[in-house]
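Here are my notes on the model, set out as numbered points for you to check against your own view. I hope they save you some time.

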2 protein chains.
Amino acid sequence: MTRKTAVTIKDIAQQLKMAPSTVSRALRGSRDINAATRLLVQQVAEELQYTPNPIALSLKEKRSKIIGVVVPEIANNFCSATIGGIEDYAYRRGYHVMIFQSHEEYEREVANVRLLTSRRIDGLIISLANNTRSFDHLEDMAAPVVMFDRVHDGLPGPTVVVDDYAGTFKGVEHLISEGCRRIAVLSMAPWLSTTQKRLQGYRDALGTYNIPVNERFIVQSCETEASILDLFTGPERPDALFFSMERLAMMSLQVLKKLGLRIPEDVALAGFSDNPASTLFSPALTTIRQPTFEIGQQAAELLIAQIEGTPLSAPTVELTTLLDIQASSLKTTGKNPLAK
Amino acid sequence: MTRKTAVTIKDIAQQLKMAPSTVSRALRGSRDINAATRLLVQQVAEELQYTPNPIALSLKEKRSKIIGVVVPEIANNFCSATIGGIEDYAYRRGYHVMIFQSHEEYEREVANVRLLTSRRIDGLIISLANNTRSFDHLEDMAAPVVMFDRVHDGLPGPTVVVDDYAGTFKGVEHLISEGCRRIAVLSMAPWLSTTQKRLQGYRDALGTYNIPVNERFIVQSCETEASILDLFTGPERPDALFFSMERLAMMSLQVLKKLGLRIPEDVALAGFSDNPASTLFSPALTTIRQPTFEIGQQAAELLIAQIEGTPLSAPTVELTTLLDIQASSLKTTGKNPLAK
DNA sequence: CTGAAAGCGCTAACAC
DNA sequence: GTGTTAGCGCTTTCAG
């Protein structure tokens, strides 16, 4: 057990019978200091196991070396993987990561951001809650903000996203190439730019292949199994489901099971998912894979660049998704689908 | 955009032409203060959007209201779910969570703990890295420590674990009841108490049913697919695999696929996993489910109780696992296995 | 080169 | 009831 009260610069000064300021200078390698003094101080500091108090430093320098992260839910493969990336990069740059969950609730998101602000964090990385429609809490942040995944175009500040449009296009095109013509899409809140880009990719893919868009097949703000079930009540039932989020994939699987529909024979399945195990599903899921860890790293990099005033390499980073074709979308077994 | 410099207690005092201490008292509801003054101060504070500077507070009161969390890997269903639980409870109690990853490396774990200490965190919640064998870094912590999952019995401080012994016993017993007799177990580092308890559960389950223990079937420190492959090289091949970690489940599935062995006909599969989607696997996995979110909450509760000097309800919390039987272990189809 | 002093924002004696 | 002062640990003028 060590002493309860941490050793301070004063303790060192006292023991060496010099002024605290001298110790401070010696420790942080100020130019104008006697080499002998410096060595002495460093030695004693070592002995006493001195570690600078970051709180005192923060108070003085008005920066905390802490970056805040607000995500909808930590226990979500996409979020946890990006947080992993953020922590990884931040750690290497001497920053620490403080995490909050919005639980997809606007109010909690606002509360978190305010809390983080009052914590004097140096910067914020955020993925918006599903039902966040007002952005005041982000607009009047003093600290730099980087958004990822769920971004809002109206806000300034860099963003890290993936090629949502192209990714969706590829995915839907693949379903079409497998013979699907009634492709329903399950998406999130319509005001998220992610949603908009993905839906555009969906519409354009259909358009490219002269398939009329059936608005009934576009489920916006998909939150419950009921809305998926609804798709299968009318006379025209989908022959494919494109999900824009892992949770929606799970829900689809449940619903299709409940309805006794086979995948992919009755309904093909494809979409965005970041469960590393989704190839082990029954059947294995065709997914648009996002470079989650890298997204986190990039977000942290952009943020720290802003904090430290380094010019940004790019205001917005767009990473590339990968279409991972598995059994869930292969209606024409054995056929090697178009690589696009 | 707001002012860059946050408003302080001094600003309020100045505007009201009173002393900062009065403002401070008014704001924190000190008894002996004029009601009128208090109201006035509160009003101005509101107007100016004053938020107390937690850094100044920390410096003064020598506590940061931050709890540190060190886990092997955030992007891991078990870890992210527990972190979710920690954040959830901590948030409600006014604490914030700072996260670090050890990446299963002892050195990085030590570095993180030291960093956290120098950060003057109020307490630490940790799940040990797989190869941590020395515990000095935890022994001489000034702040309270709570361990969860990967705990070490030699250390003081409360722990949150699950009924590893009973959980494993139940799981292995179930495999036995399905007719398996050559059950191999894939486990982690032998010095972890988790490993020890689980292996004991395994041994005792076999013993109870008079099945001799084949030491070749006990794979300690299972890190690679090779060690699983080895199991299938000799003359006596396992008819069941019990995995003690989600990653090992994935590896098993890969290996069995590679070997062309059917699950559960050739090899039954069961074990610890916290992938909420493992029922969607092909075949659905029989798993021992841990109450991950609750583990996190409990850990946070124990820690905060210690920090605030509240007497602990219990030094160690042991939560109960649930055996979720699915197709991967059902050799005798249709048979309703013993509920135990 | 080194010491003394001020101040970051806040609270808690200690006056009056 | 309210103002004054000191101090949390550290850096940074400003003197010397």
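1. Let me begin with a backbone detail: A:Asn210, just after helix H9 of chain A, takes a positive phi of about 55°. Helices here (H or I, at least four residues) and strands (E, at least two) are DSSP runs, numbered from the N terminus. Please keep in mind that this is a predicted model, where local features need pLDDT of at least 70, side-chain atom pairs count only at pLDDT 80 or more, and totals for chains, interfaces and linings use all residues. Residues are numbered from 1 along each chain as its sequence is written, while chains are lettered from A and ligands numbered from 1 in the order in which they are written.

2. The helix itself, H9(A), covers residues 193-208. Its 16 residues should span 22 Å at 1.5 Å a residue, and the end C-alpha atoms are 22 Å apart, so the two values agree. The expected span is 1.5 Å times one less than the number of residues.

3. Several residues of H9(A) are buried, among them A:Thr194, A:Lys197, A:Arg198, A:Tyr202 and A:Leu206. Buried means that 20 or more other C-beta atoms, placed from the backbone, lie within 10 Å of the residue's own; 12 or fewer would make it exposed, and anything in between partly exposed. What do the buried residues of H9(A) pack against? The partners in chain A are helix H8 (164-177) and the strands E6 (183-186), E7 (218-219) and E8 (240-243). Contact is counted when two C-beta atoms, placed from the backbone, lie within 7 Å.

4. A:Arg120 also deserves a look, since its phi is near 60°, a positive value in a residue other than glycine. A:Arg120 sits in the loop between helix H6 (106-118) and strand E3 (123-126) of chain A. A:Arg120 counts as buried because 20 other C-beta atoms lie within 10 Å. In chain B, phi of B:Arg120 is near 60°, and B:Arg120 is buried with 20 C-beta neighbours inside 10 Å.

5. You may want to check the cis peptide bonds too. One runs from A:Ile263 to A:Pro264, with omega near 0°, and A:Pro264 belongs to the loop between helix H11 (246-259) and strand E9 (268-272) of chain A. In chain B, the bond from B:Ile263 to B:Pro264 is cis, with omega near 0°.

6. Turning to the DNA, 23 residues surround strand C, and the closest are A:Thr22, B:Thr8, B:Ile9, B:Ser21 and B:Ala56. A residue is near a strand if its C-beta atom, placed from the backbone, lies within 6 Å of it. H4(B) gives the most to this surface, with four residues. By class, the surface near DNA strand C holds ten nonpolar, eight polar and five charged residues. Nonpolar covers Ala, Val, Leu, Ile, Met, Phe, Trp, Tyr, Cys and Pro, charged covers Asp, Glu, Lys and Arg, and the others, Gly among them, are polar.

7. DNA strand D is surrounded by 25 residues, the closest being A:Thr8, A:Ser21, B:Ser21, B:Thr22 and B:Asn34. Which helix gives the most to the surface near DNA strand D? That is H2(A), with five residues. The classes near DNA strand D are eleven nonpolar, eight polar and six charged.
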